[in-house]
Amino acid sequence: MANGQKDNETARKEGTGRHALITGASAGIGKDLAEVFARSGFDLVLVARREKRLHEIARDLEHRFAVTVHAVTLDLSEPGAAEWLHNEMRMRGLNIDALVCNAGFGVAGFYRDTSWADQHALCQVMMTGVAELCHRFAPDMGARGYGRILNVASLAGFLPPAPGGTLYIPAKAFEIKLSQALALEYTGENVHVTALCPGFTYTEFHDVMGTRAAMSSMPRFMWMKSMRVAEEGYKAVMQGKPVHIPGRLNRFIAWLAWALPSPAVNAILRRQALYAKKP
Ligand SMILES: NC(=O)c1ccc[n+]([C@@H]2O[C@H](COP(=O)([O-])OP(=O)(O)OC[C@H]3O[C@@H](n4cnc5c(N)ncnc54)[C@H](OP(=O)(O)O)[C@@H]3O)[C@@H](O)[C@H]2O)c1
């Protein structure tokens, strides 16, 4: 058997008889993570709001990877969504062995120019919801002696506060710290918790946020393909890495943010804030 074939066999066994629940699986990184988990033999529960898309993706993955895929249409910005999802999995008799908290979005503009409804949804989807999903699903994993939790945070979580990223940056820092703490709490229980911290990634993220035009001016070398991000995330959580930043350039940026003296960083950010205010 060729080496590549053998690797595929080994990978497929990881998910056999197991379920992975992936939020935000209707597009971008989440959709590719669904494919990566399916490739490894996991049956899937895909969660997002766009029902038709979710069903199309589910049928496609079932057809290509011979796994069972459940599509659950749910708005994670609704308080109570995490509890409903956990109960729903119990009612369907599905044990969740891998949880991927990937759903997310950005809110463009200065804090005061945005609606509280949007900011509240951001907190619910990327902070409260993630914390609650981990709180509800991880103990079941601990009890069964197997669990993989992959929280899709961002390189932004390592960066200093910035105008326009008012709650997005803290939300991503929150996801990183939450994952690191949980990874420690579950040490020795075969429950791995990882924060995946991508930089700029080709997905629908900036279209949804309405910043595609501005982002198009960013050089191509700063962008990564979402499949590569997904594959690295999968590998990191299987290896039990608490934090993974895909891409050398992104790791360098994270290091810079840590190493640069804060007065210099603050001066740059103040200039950026003043520039953004110019009509
Ligand atoms: N793209 C980047 O440059 C980048 C960089 C760093 C980190 N990230 C992070 O990566 C994660 C995935 O983003 P992406 O880039 O793949 O963006 P994307 O292509 O826009 O996908 C976002 C996913 O989240 C789902 N979602 C959004 N709000 C939701 C809600 N209220 N309830 C349920 N699902 C919801 C969307 O599904 P529906 O619309 O169907 O609900 C979609 O499946 C996010 O957490 C993001 O912060 C992205």
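Which elements make a right-handed β-α-β unit with S2 and S3? In this predicted model, the answer is helix H3, residues 51-65, which together with S2 and S3 makes that right-handed unit. A second right-handed β-α-β unit is made by S1, H2 and S2, and strand S2 therefore takes part in both units.

The sheet to which these strands belong is open and is formed by seven strands, in the order S3-S2-S1-S4-S5-S6-S9, with parallel pairing. Its edges are S3 and strand S9, residues 243-244, each of which pairs on one side only. At one end of that order, strand S2 (residues 43-48) and strand S3 (residues 69-73) pair in the parallel sense over five bridges, and within this pairing valine 47 stands opposite valine 72 of S3. On the other side of S2 comes strand S1, residues 19-23, which is joined to S2 by five bridges and runs parallel with it; here histidine 19 stands opposite aspartate 43 of S2. Towards the other edge, strand S6 (residues 191-196) pairs with S9 in the parallel sense over two bridges, and the partner of leucine 196 in S9 is histidine 244.

How many of the six residues of S2 are buried? Six of the six are, and the strand is accordingly described as mostly covered. The cover extends to both faces of S2, since Asp43, Val45 and Val47 on one side are buried, as are Leu44, Leu46 and Ala48 on the other. Two of these residues have already appeared in the account of the pairing: Val47 stands opposite valine 72, and Asp43 is the residue that histidine 19 faces.

From the sheet we may turn to the ligand, which is surrounded by 32 residues, the closest being Ser26, Arg49, Arg50, Tyr168 and Thr203. By class, the residues of this shell divide into 16 nonpolar, 11 polar and five charged. Helix H2 (28-39), helix H6 (168-185) and helix H7 (205-209) each supply at least two residues of the shell, and H7 gives the most, with three residues. Helix H2 is also the helix of the unit that S1 and S2 make with it.

Which atoms of the protein lie at short listed distances from oxygen atoms of the ligand can be followed residue by residue, beginning with arginine 49, where a polar side-chain atom lies 2.7 Å from a ligand oxygen. The backbone contributes as well: a polar backbone atom of glycine 24 is 3.1 Å from an oxygen atom of the ligand, and a backbone N or O atom of glycine 104 lies 3.5 Å from an oxygen atom of the ligand. Taken on its own, the ligand has 880 Å² of accessible area, and the protein covers 96% of it.

Three further residues illustrate how exposure varies along the chain. Is threonine 114, in the loop between strand S4 (98-101) and helix H5 (116-144), buried or exposed? Threonine 114 is buried, because its relative accessible area is 17%, and the cut-off for burial is under 20%. A polar atom of the side chain of threonine 114 lies 2.7 Å from the backbone oxygen of tyrosine 111.

Lysine 225, by contrast, lies in strand S8, residues 224-225, and its relative accessible area of 64% is why it counts as exposed, the cut-off for that class being over 50%. The C-alpha atom of lysine 225 is separated by 8.9 Å from that of phenylalanine 200, a residue 25 positions apart from it along the chain.

Proline 263 is found in helix H11, residues 262-277, and it too is exposed, because its relative accessibility is 61%. Between the C-alpha atoms of proline 263 and threonine 23, which are 240 residues apart along the chain, the separation is 38 Å.

Notes: Residues numbered from 1 in each chain as written. Predicted model: local features only at pLDDT ≥ 70, side-chain atom pairs only at ≥ 80, totals over all residues. Heavy atoms only, no water. Near = heavy atom within 4 Å. Polar contact = N/O pair within 3.5 Å; in protein donor to acceptor, adjacent residues only side chain to side chain. Areas by Shrake-Rupley, 256 points an atom, 1.4 Å probe, with all protein chains shown as cover. Helix = DSSP H or I, 4+ residues; strand = E, 2+ residues; numbered from the N terminus. Nonpolar A, V, L, I, M, F, W, Y, C, P; charged D, E, K, R; others polar. Buried < 20%, exposed > 50% of the residue type's maximum accessible area, 1.4 Å probe, protein only. Pairing = 2+ DSSP bridges. Right-handed = clockwise from strand over helix to strand, strands pointing away.
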